[in-house]
Amino acid sequence: MDIEIIRSLVKDVEGKIIDYRRDFHAHPELSWKEERTSKVIESVLSGLGFENIRRGFDSTGTGVTADITGKANGPVIAIRADIDALPVDEAVDEPWRSSCAGVMHACGHDAHAAILLGVAHVLAKIKDSIPGTVRLIFQPGEESGIHSGAKQLVSEGVLDGVDAICGLHVWATLEAGKVGFRKGPILASADIWEIEVKGKGGHGSRPHEAVDPSIAAATLITTAQTIVSREVDPREAVVFSVGKIDCGTAPNIIPEKARLAGNLRTTSPVIRDDIPGRLKRIGEGIGAALRCDVKVDFIPVYPVTVNDGDLVDLFVEVAGDLVGKDALEEMSIEMGSEDFSFYQQKIPGVLFFLGMGDPVKGTDAQHHSPDFKTNEDVLADGTALLTALALSFLDRA
Ligand code: NI
């Protein structure tokens, strides 16, 4: 497909993409509550003549998927956009500001949904020349942690028959006009650990008759850090954070129990599998030494987002043609996470970053902050990049 044709088709639809974005932004919906958003998407797609539109994939209730096929029995590529908003109270005052107090599109998923509708418009115009099938996935629940929308859709077969998947994230800390890519790990895993320390409560004046779980908990907090500092290869990135400490009721009581919880992030799938065993060993060892029962639980949430090397090569080639080689920026690994990683555990995938930071426009505010603001000037590039990447993949597959 000629890059110039894609560019001009995207230009024709740019105004619509901006309108969709503003509409989604004004009506944000939290994870798994994307009712209105899904209805809007469904009606746009059916107006464009898409077939087998599935609302609320199988059991999800929200989200939309649809296919468009040019050449039957050809290869299949999926493009994914997440569509949910966040419990954030918007501070930006624009005519399309959130109409729902306490809920805001503070991560740019409104832009992602609008861009994918833009892709749908372009593909509908060139349907007969699509060398295979493109599956559009408007995914609910990206922000919902263990209830991840991607995990749910994958378990219900959204990738059946799909050869590869691509997606983008608008990125406030990357300058507008730049496009960020990386081969291999690009975003970290994010998992939860929970520890319960059980001792024997008693009077603060008689510690010898009690078993104090607070001492074991405190020892655990500091000793667990040695997994990162002493046990893992220092060239690897690992974050072990304690986010919650719950222990005791009054100054003169030795508590019965202590509960700790926190976050583990790493960019290595191997280390991710390895750490629960280490944490268990340290927890139980400290428990034995200090006479407490220690129970360690590990709750896997998001895997490492790992980009497929060949797809990144293809992306760099396509993006170089579209936005110019100087606009391409090789990213360093981010310790944030994405449920796009669940798709990549099944099939090759590439997630890239669409830079939108511009201090003059205020579009460089942090993701998830009340000041977050989408730079609408980059939406057309995002649409062209996803369209061209999908078509080039189908062409060569
Ligand atoms: Ni996001």
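Which strands each supply at least two residues of the lining of the largest pocket? With the predicted model open, select β5 (164–175), β8 (189–198), β12 (257–266) and β13 (293–302), for these are the strands that do so.

**The largest pocket**

Begin with β5, which gives three residues to the lining, the largest share. The pocket itself holds about 480 Å³ of space. Its lining comprises 22 residues, and those closest to the centre are E143, R265, G336, S337 and H368. Displaying these five side by side with the four strands will place the centre of the pocket on screen.

**The nickel ion**

Next, select the nickel ion together with C107, H109 and H169. These residues are its protein donors, through SG of C107, NE2 of H109 and NE2 of H169, at 2.2 to 2.4 Å from the metal. Along the sequence, the donor residues follow the spacing C-x1-H-x59-H. Colour the first two by accessibility: C107 is buried, at a relative accessible area of 8%, and H109 is also buried, at 1%.

**The cysteines**

Now select the cysteine sulfurs. How many disulfides does the structure hold? It holds zero. C100 takes part in none, and the nearest cysteine sulfur to it, that of the nickel donor C107, is 17 Å away. C100 is partly exposed, with a relative accessible area of 32%.

Move then to C292. Why is its sulfur not bonded to that of C247, the closest cysteine sulfur? The separation is 9.7 Å, which is too far for a bond, given that a disulfide requires the two sulfur atoms to be within 2.5 Å. Is C292 buried or exposed? C292 is buried, with a relative accessible area of 7%.

**Helix α7**

Finally, select residues 309–323, which form helix α7. A distance between its end C-alpha atoms gives 20 Å; the 15 residues, at 1.5 Å a residue, should span 21 Å, so the two values agree.

Just before the helix, show D308, which caps the N-terminal end of α7: one of its side-chain oxygens lies 3.2 Å from the backbone nitrogen of D310. Within α7, highlight the buried residues, namely L311, V312, L314, F315, V318, A319, G320 and L322. At the other end, stop at G324, which follows α7 and has a positive phi, near 95°.

Notes:
Residues numbered from 1 in each chain as written. Predicted model: local features only at pLDDT ≥ 70, side-chain atom pairs only at ≥ 80, totals over all residues. Heavy atoms only, no water. Buried < 20%, exposed > 50% of the residue type's maximum accessible area, 1.4 Å probe, protein only. Expected span 1.5 Å × (residues − 1). Polar contact = N/O pair within 3.5 Å; in protein donor to acceptor, adjacent residues only side chain to side chain. Donors = N, O, S within 2.8 Å, 3.2 Å for Na, K, Ca; no water. 1 Å grid on protein atoms, 1.4 Å probe; cavity = no way out; pocket = protein on both sides within 12 Å on 5 of 7 lines; lining within 4 Å. Points joined across faces, edges and corners; volume = space filled by probe spheres on them.
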